[in-house]
Amino acid sequence: METAGRPQDAVVVAIDGPSGTGKSSTSRAVATKLGLRFLDTGAQYRAMTWWMLTNEVDVDDAAAVALASDKPVLVSGTDPLNPTITVDGVDASGPIRTQEVTAAVSAVSAVPEVRARLVELQRTACAESAAAGGIVVEGRDIGTTVLPDATLKVYLTASAQARAARRSGELKGVPGAGQMSVEATREALVRRDAADSGRKTSPLAKADDAIEVDTTELSLEQVIEAIVTLVDEKLKERTTG
Ligand SMILES: Nc1ncnc2c1ncn2[C@@H]1O[C@H](COP(=O)(O)OP(=O)(O)O)[C@@H](O)[C@H]1O
Ligand SMILES: Nc1ccn([C@H]2C[C@H](O)[C@@H](COP(=O)(O)OP(=O)(O)O)O2)c(=O)n1
């Protein structure tokens, strides 16, 4: 008989998709409902970017970014009720949401050395979550590259207009995030999606075995329910198959 806590019993949910499709909010809620850990990999790329900007590394100089990429000490807390991220021991959860970081993050995350370092941290977090039952990991390349053997892979989409309206509503409450119109937010999102989809190393992409969920017309609750149902189905397949 299998014992809970063994790596082969752990539930690993990979949630990918472009900006503003609901990855973070959905993943946190799904992890909370299922009693799993939660990892926001975008926050790690943002934290790396914040460190580069703070330490005056030219983010458009890929060689300089690569050279510095092993310097910051990044630690992600994986409690879905209180996700945290620190850089060199300093809470980075506020500064990583500024427009300055958002504008620079695609360049930093395209550097292969940055990705290699963060993918290693992400796989370690996944392995460590096995004792707690598993993890929901969200990002751009989780299903394709980071965790290709995930129990369930979901690829979230939504229209650019819906994503921009959501994102600009959300940023209204964030100090230092800056104010942008929905139209300017939409343009910035589309630009970032193109950069993230077009880079050479593990671009934003749907894994062949991911289930696509279009969230344009769905409420957050509906998306959460849909994913919890998909996890249940996968677990049933596991016990019957
Ligand atoms: N299905 C949905 N309907 C309406 N608003 C949503 C939905 N999903 C997410 N949101 C809201 O949109 C904003 C962006 O969601 P977030 O989870 O940060 O997206 P992502 O992680 O994909 O960038 C948040 O304010 C969130 O509450
Ligand atoms: N697995 C990941 C996660 C994020 N990234 C990069 C690409 C994204 O534009 C940035 C920021 O990701 P984040 O999920 O915080 O972005 P949004 O919530 O959509 O604004 O990080 C990545 O390259 N790979």
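How many residues lie between β3 and β4 in their hairpin? There are six, and the two strands on either side make up that hairpin. Before going further, a word on the ground rules: this is a predicted model, in which local features need pLDDT of at least 70 and side-chain atom pairs count only at pLDDT 80 or more, while totals for chains, interfaces and linings use all residues. Residues are numbered from 1 along each chain as its sequence is written, and chains are lettered from A and ligands numbered from 1 in the order in which they are written.

Back to the hairpin. Strands β3 (residues 74-77) and β4 (residues 84-87) run antiparallel, joined by four bridges. Helices (H or I, at least four residues) and strands (E, at least two) are DSSP runs, numbered from the N terminus, and two strands pair if DSSP finds at least two bridges between them. Val75 has Thr86 of β4 as its bridge partner, and Gly77 has Thr84.

Now widen the view. The hairpin belongs to an open three-stranded sheet, ordered β3-β4-β5 with antiparallel pairing. β3 and β5 (90-91) are the edge strands, each pairing on one side only.

Then there's ligand 1. Around it sit 16 residues (C-beta atom, placed from the backbone, within 6 Å of the ligand), and Gly22, Lys23, Ser24, Arg166 and Glu170 come nearest. Helices α1 (23-34), α7 (160-171) and α9 (220-240) are the elements giving two or more residues to this shell. Sorted by class, the shell has three nonpolar, nine polar and four charged residues; Asp, Glu, Lys and Arg count as charged, Ala, Val, Leu, Ile, Met, Phe, Trp, Tyr, Cys and Pro as nonpolar, and the others, Gly among them, as polar.
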